[in-house]
Amino acid sequence: MATGDAVQEWLRDAAQIFAERAAELNELDRAIGDGDHGSNMSRGLETALTIPIDSQMSPTDSLKQVGMALVSTVGGASGPLFGTFFLRVGQNWQTPSTTAGIAEAVRAGVAGVMSRGKAVEGDKTMVDALAPAAQSLEDSVTRDLPLEEALRLGAAAADQGAQATLGMMARRGRASYLGERSIGHLDPGAVSSAIILNCAARHIS
């Protein structure tokens, strides 16, 4: 069952990866945006790590605090969008953790991001990683898969979704100003979403 400690380990893992890949993500963002996405995400996750989360804190409360930290520290549109995702997932988290419960929470997170960012699948945004993950989790519920396997498959779907943005033309955000020139570049928000879900798959059970 997920606890505050599991959320903290999830954040610690993600913070380390964003620190290691900040330059790479900045380079992806430089091609179609401001060039600071990696630095912003790294700073946001480092800030989230300073939240006093312990084993007595529920995932709901932990993730709400993480969401608020990301909203306040991650620059540009990414902060409110990633913050909304964590807030909505936290608000819909069910205890004990089950495949069905996590699927519902992630779907709520995706819906929150889509509503706030006015984006749908195919717009070349973080939704293109998050939505396939949510669908995979729902498919795992239908197949009655255990949570650990469902999360692994969901993370793999997020990876595939992020990679698929390479061939998409951006229709939302600053990248949309480039039109067809945005084709051939990965969306950094989608890549970051896949990183977050892969970290979750390693620590939430």
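Buried means under 20% relative accessible area, exposed means over 50%, and partly exposed covers what falls in between. Keep those cut-offs handy for the close-ups below, which all come from a predicted model.

**Figure 1. Glu-24 and Arg-21 pair up in a salt bridge within helix α1.**
The N to O distance here is 2.8 Å. Both residues sit in helix α1, which runs over residues 4-32, and they are three residues apart, or about one turn of the helix. Where do the two fall on the buried-to-exposed scale? Arg-21 has 28% relative accessibility, so it counts as partly exposed. Glu-24 comes out at 37%, which makes it partly exposed as well.

**Figure 2. Glu-27 and Arg-30 make a salt bridge in helix α1.**
The closest N and O atoms of this pair are 2.5 Å apart. Again we're looking at a spacing of three residues in helix α1, which puts about one helical turn between Glu-27 and Arg-30. Glu-27 is partly exposed, at a relative accessible area of 48%. Arg-30 is partly exposed too, with a value of 48%.

**Figure 3. A salt bridge ties Glu-138 to Arg-107.**
In this one, the closest N and O atoms lie 2.8 Å apart. The pair joins distant parts of the chain: Glu-138 belongs to helix α6 (residues 127-142) and Arg-107 to helix α5 (residues 99-117), with their positions 31 residues apart in the sequence. Glu-138 has 26% relative accessibility and counts as partly exposed. Arg-107, at 27%, is partly exposed. If you go hunting for others, the total for the model is seven salt bridges.

**Figure 4. Helix α1 packs against helix α8.**
The axes of α1 and α8 (residues 188-203) come within 9 Å and cross at roughly 160°. Angles over 145 degrees count as roughly antiparallel, so that is the label for α1 and α8. The crossing is right-handed. On the α1 side, the contact residues include Trp-10, Ile-17, Phe-18, Leu-25 and Leu-28. Arg-21, the salt-bridge partner of Glu-24, is also one of the α1 residues in this contact. From α8, the contributors include Val-191, Ile-195, Ile-196, Cys-199 and His-203. What is the make-up of this contact by class? It has 14 nonpolar, two polar and five charged residues.

**Figure 5. Val-106 is a buried residue of helix α5.**
Val-106 has a relative accessible area of 8%, which is why it counts as buried. Which residues does Val-106 touch, leaving aside those up to four places away in sequence? They are Phe-85, Val-89, Ala-134 and Leu-137. For a sense of scale along the chain, Val-106 and Gly-117 are 11 residues apart in sequence and 16 Å apart in space, C-alpha to C-alpha.

**Figure 6. Helices α6 and α7 pack together, with Ser-136 in the contact.**
The axes of α6 and α7 (residues 147-164) are 7 Å apart, and the packing angle is about 150°. The two helices are therefore roughly antiparallel, and α6 passes α7 in a right-handed crossing. Contact residues on α6 include Asp-128, Pro-132, Ser-136 and Leu-137, while those on α7 include Leu-151, Leu-153, Gly-154 and Ala-157. By class, there are 10 nonpolar, four polar and one charged residues. Zoom in on Ser-136 of helix α6. Ser-136 is buried, with a relative accessible area of 13%. Not counting residues up to four places away in sequence, Ser-136 touches Leu-153, Gly-154 and Ala-157.

**Figure 7. A cis peptide bond leads from Thr-95 to Pro-96.**
Omega is near 0° for this bond. Pro-96 lies in the loop between α4 (78-91) and α5.

**Figure 8. Lys-124 and Asp-144 are loop residues with positive phi.**
Neither is a glycine: phi is near 65° for Lys-124 and near 60° for Asp-144. Lys-124 sits in the loop between α5 and α6, whereas Asp-144 is in the loop between α6 and α7. Which is buried and which is exposed? Lys-124 has 1% relative accessibility and so counts as buried. Asp-144, at 67%, counts as exposed.

Conventions: Residues are numbered from 1 along each chain as its sequence is written. This is a predicted model: local features need pLDDT of at least 70, side-chain atom pairs count only at pLDDT 80 or more; totals for chains, interfaces and linings use all residues. Side-chain values use heavy atoms; hydrogens and water are left out. A salt bridge is a side-chain nitrogen of Lys or Arg within 4 Å of a carboxyl oxygen of Asp or Glu. Helices (H or I, at least four residues) and strands (E, at least two) are DSSP runs, numbered from the N terminus. Buried means under 20% relative accessible area, exposed over 50%, partly exposed in between (1.4 Å probe, protein chains only). Axes are lines fitted to C-alpha atoms, for helices over the stretch in contact, and angles run from 0 to 180 degrees between N-to-C directions. Angles under 35 degrees count as roughly parallel, over 145 as roughly antiparallel, 65 to 115 as roughly perpendicular and the rest as oblique. A crossing is left-handed if the near helix is turned anticlockwise from the far one by less than a right angle, and right-handed if clockwise. Contact means heavy atoms within 4.5 Å. Ala, Val, Leu, Ile, Met, Phe, Trp, Tyr, Cys and Pro count as nonpolar, Asp, Glu, Lys and Arg as charged, and the others, Gly among them, as polar.
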